[in-house]
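Let's take a walk through this protein together, one piece at a time. Have the structure open and follow along.

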Amino acid sequence: ARHGGGAFDTLPGRARVSWIGGAMRRVPSSHSIDDFGEDLDSFVTLSSFILTATEVCPSLAAKGHIKKEEETDLCILLQSVATSCKYIQNCVRKLGLANLSGKNGGTTNVQGEQQMKLDVIAHDVFTRGLDESKRCTMLISEEEEEAIMCTSSPNGRYVCVFDPLDGSSNIDCCVSVGSIFGVYRASALGKGDVNDVLRPGKEMVAAGYCMYGSACTMVLTVGGNVRGFTLDPSLGEFVLTHPKIKCPPTGATYSVNEGNSRYWGGGMRQYVDHVKYHKEKPHALRYIGSMVADVHRTLLYGGTFSYPGDSKSPNGKLRLLYECFPMAYIMERAGGAASDGTQRILDVCCTGIHQRHPIHMGSEEDVEEIERFYREAAAGEDAR
């Protein structure tokens, strides 16, 4: 920001912020913020938002999602996540300059996937930050085969599950990547138990993701509305830019790795054929190959994101606990839907911390259309 009579503009849809005599005031903008459904008169940072999360989302307390004595601990946990994301964003920006690009010496994670240098760094940053927050009993990371038990603390009320760097295979070519996380309430104060996460995704208390792309954007829900925050590098703060994200009821794009179409079952094949050849206006294919980036676009613009099960990978590729569940939780809170083709994703009960599961998410009407094609394909197979 420039002090004195200068001003700086925020993102489109935001009022301009002007510094006059060292004091910040709002200047009306020609851009409308009606799409977000809320006023942006106040300058809201992520820090101030999560400190007043239950005031912003009164449905949390009303529905018993969170109790008064848990508020502070959840705030500290989310602050830790935000700090980790800022660190990772800095590493992404310095990727080539700081020799952070490339593979991590041939090591693989528990799924047998090649680890990148930044995979390991992001995992360490998340793990250390959350452990030192003293608010978690246990952590689940894509990069660790077993659950990580946190240092015992009387304030340990939560379990955090996360993919520290989703889409890392794209990192060296500067494609958007991101971090995904979800938060469960621990069954016993200060005591880690893997059964605390082996339950349906609908029992999470918070979920979010941070995308490292042309801007660093964090999308978060604590059980109420979905909100988006953009990192202002000059302030070192995430600033509220999307107060109330809503996924459109239908869209004009579909996102799927169509290179796997030879392995698809009838339901997925017929749905893609329908949107390509039988819609009045064909849907456009938009596929990045980084879940955070693909889902973020779908969340804002509508349409569908799919990673179905097929003959090669019957359970799909994405992990249920720390990829499908958090993203489905966010999508539903934004008015969208998430399904595996036959049932709601958040109703699925997780049976293993690295369990894979098929997923389709996005605009509610479009996901319902996918389910219809799956039902019709199943009925046709039964008839045969």
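**A helix, two sheets and a pocket**

Let's start with helix H7, which lies across S8, S9, strand S10 (206-212), strand S11 (216-221) and S13, and runs at about 110° to S10. H7, made of residues 291-301, also lies across S14, S16 and S18, where it runs at about 150° to S16. So keep an eye on that helix as we go. Before moving on, remember that what you're looking at is a predicted model.

How much confidence does the predictor have in the protein chain? Its mean pLDDT is 85, and 83% of the residues reach 70 or more. Residues 1-40 are a stretch to treat with care: pLDDT stays under 50 there, and the model has 71 contacts beyond four places in sequence for them.

Now for the sheets. One is an open sheet of 8 strands with mixed pairing, in the order S7-S6-S8-S9-S10-S11-S12-S13. Its edges are strand S7 (148-149) and strand S13 (237-245), each of which pairs on one side only. At the S7 end, strand S6 (residues 136-141) runs antiparallel to S7, and 2 bridges join them. Look there for Met-138, which stands opposite Met-149 in S7. Helix H5 (residues 117-133) lies across S6, S7, strand S8 (158-166) and strand S9 (177-185), running at about 160° to S8.

The other sheet to find is an open one of 5 strands, ordered S15-S14-S16-S18-S17, again with mixed pairing. Here the edge strands are strand S15 (284-285) and strand S17 (337-339), each pairing on one side only. Strand S14 (residues 253-255) pairs with S15 in the parallel sense, over 2 bridges. Which residue in S15 is the bridge partner of Tyr-254? That's Leu-285. Helix H6 (residues 266-277) packs on this sheet, touching S14, strand S16 (304-307) and strand S18 (359-362), and its direction makes about 150° with that of S14.

Last stop: the largest pocket, with a volume of about 440 Å³. Of the 26 residues lining it, the closest to its centre are Glu-113, Gly-167, Ser-168, Ser-169 and Lys-317. Which elements give two or more residues to that lining? They are strand S5 (114-116), S8, S16 and our old friend H7. Sorted by class, the lining has 10 charged, 9 polar and 7 nonpolar residues.

Note on methods:
Residues numbered from 1 in each chain as written. Predicted model: local features only at pLDDT ≥ 70, side-chain atom pairs only at ≥ 80, totals over all residues. Heavy atoms only, no water. Pairing = 2+ DSSP bridges. Helix = DSSP H or I, 4+ residues; strand = E, 2+ residues; numbered from the N terminus. Contact = heavy atoms within 4.5 Å. Axes fitted to C-alpha atoms, helices over the stretch in contact; angles between N-to-C directions. pLDDT = per-residue confidence, 0-100. 1 Å grid on protein atoms, 1.4 Å probe; cavity = no way out; pocket = protein on both sides within 12 Å on 5 of 7 lines; lining within 4 Å. Points joined across faces, edges and corners; volume = space filled by probe spheres on them. Nonpolar A, V, L, I, M, F, W, Y, C, P; charged D, E, K, R; others polar.
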